[in-house]
Amino acid sequence: MEKQCCTCVPVNEEELYPQIEEFINQHRGDKNALIMVLHKAQSLLGYLPRRVQEMAAEGLNVPLSEVHGVATFYAFFSLVPKGRHEIRVCMGTACYVRGGQRIIDHLEKALGVRVGDTTRDRKFSLNEVRCVGACSLAPTVLIDEDVYAQVDPARINEILEKYE
């Protein structure tokens, strides 16, 4: 099993680029290795910065636009660093009607980020999801694997305090 990037300790990205370059060199010119190379890079860095995309394009001899297309097409890949804790706000119909957007607005303000972004300290990533299948508990917020039901914006700060 491949080692995943731990985000509990800040990553020194500069130290990891030689490993990525070495992996790319093992597949030099092999256009079919693109997804494998991007997966390896993301497992080390936690995301795919432009520099990695450029390295992959040059090393595998594929256009940068193709690398970027693959990196943005597959939901597994991320172009922004991920936080230690992923906050997902349900925006399915029931959650939306019962205040999902107010929760998003409050979280964006409290964390100082927009949906799809990560806080500067990489503590939290904020995302919205279409449905978590808990409509009777709407509005619903997931933080990592924890599910919070019938969330009111007034409770959000209290909930966030539970996460180091």
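What covers the buried residues of helix 3? In this predicted model, the cover includes helix 1, helix 2 and helix 4. The residues of helix 3 that lie buried are V52, Q53, M55, A56, A57, G59 and L60. Just after helix 3 comes N61, which has a positive phi, near 60 degrees.

The helices that meet here also share a nonpolar core. In soluble globular proteins, nonpolar side chains tend to be buried together. The largest such core in this model comprises 24 residues, and I20 and L38 have the most contacts inside it. At least two residues of this core come from each of helix 1 (13-26), helix 2 (34-45), helix 3 (50-60) and helix 4. Helix 2 is the largest contributor, giving 6 residues. A look at L38 shows who its partners are: beyond its neighbours within four places in sequence, L38 is in contact with L48, A56, V67, V70, A71 and F77. One of these partners, A56, is also one of the buried residues of helix 3. There is also a second, separate core, made of 18 residues, and among them are I87, I103, I104 and I143.

Nonpolar side chains are found on the surface as well. I35, F73, Y74 and F76 form a nonpolar patch there, and together they present about 440 Å² of accessible area. Within this patch, F76 sits in the loop that runs between helix 4 (64-73) and strand 1 (85-90). F76 counts as partly exposed because its relative accessible area is 46%, which falls between the cut-offs of 20% and 50%.

Turning to charged residues, the structure contains 7 salt bridges. Side chains of opposite charge can pair when their charged atoms come close. One of the bridges joins R122 to E13, with 3.0 Å between the closest N and O atoms. This pair ties together distant parts of the chain, since R122 belongs to the loop between helix 6 and strand 2 while E13 belongs to helix 1, 109 residues apart. How accessible are the two partners? R122 is partly exposed, at a relative accessible area of 22%, whereas E13 is buried, at 16% relative accessibility.

A local pairing is found in helix 3, where E54 and R50 form a salt bridge whose closest N and O atoms are 3.0 Å apart. E54 and R50 are 4 residues apart in helix 3, so about one helical turn separates them. Here E54 is partly exposed, with 38% relative accessibility, and R50 is exposed, with 55%. Another salt bridge brings together the side chains of R130 and E128, at 2.8 Å from N to O. In this pair R130 is exposed, at 55% relative accessibility, while E128 is partly exposed, its relative accessible area being 31%.

Polar residues in the interior are worth a visit too. N127 lies in strand 2 and is buried because its relative accessible area is 16%, under the 20% cut-off. Apart from neighbours within four places in sequence, the residues in contact with N127 are K82, E86, I87, R88, V89, V115 and G116. With one of them, E86, the side chain of N127 makes a polar contact of 3.4 Å. N127 and V89 are 38 residues apart along the chain, yet their C-alpha atoms are separated by 6.4 Å.

T118 gives a second example. This residue is placed in the loop between helix 6 (100-111) and strand 2 (124-129), and T118 is buried, with a relative accessible area of 17%. Which atoms does its side chain reach? The side chain of T118 comes to 2.3 Å from the backbone oxygen of P81. The T118 side chain also makes a polar contact of 2.9 Å with the side chain of S125. With neighbours within four places in sequence set aside, the contacts of T118 are P81, K82, G83, V113, F124 and S125. K82 is thus in contact with T118 and with N127.

Conventions
Residues numbered from 1 in each chain as written. Predicted model: local features only at pLDDT ≥ 70, side-chain atom pairs only at ≥ 80, totals over all residues. Heavy atoms only, no water. Patch = residues over 30% accessible without salt bridge, like charges linked within 9 Å, V, L, I, M, F, W, Y side chains within 5 Å. Areas by Shrake-Rupley, 256 points an atom, 1.4 Å probe, with all protein chains shown as cover. Salt bridge = Lys/Arg side-chain N within 4 Å of Asp/Glu carboxyl O. Buried < 20%, exposed > 50% of the residue type's maximum accessible area, 1.4 Å probe, protein only. Polar contact = N/O pair within 3.5 Å; in protein donor to acceptor, adjacent residues only side chain to side chain. Contact = heavy atoms within 4.5 Å. Core = buried A, V, L, I, M, F, W, Y, C linked by side-chain atoms within 4.5 Å.
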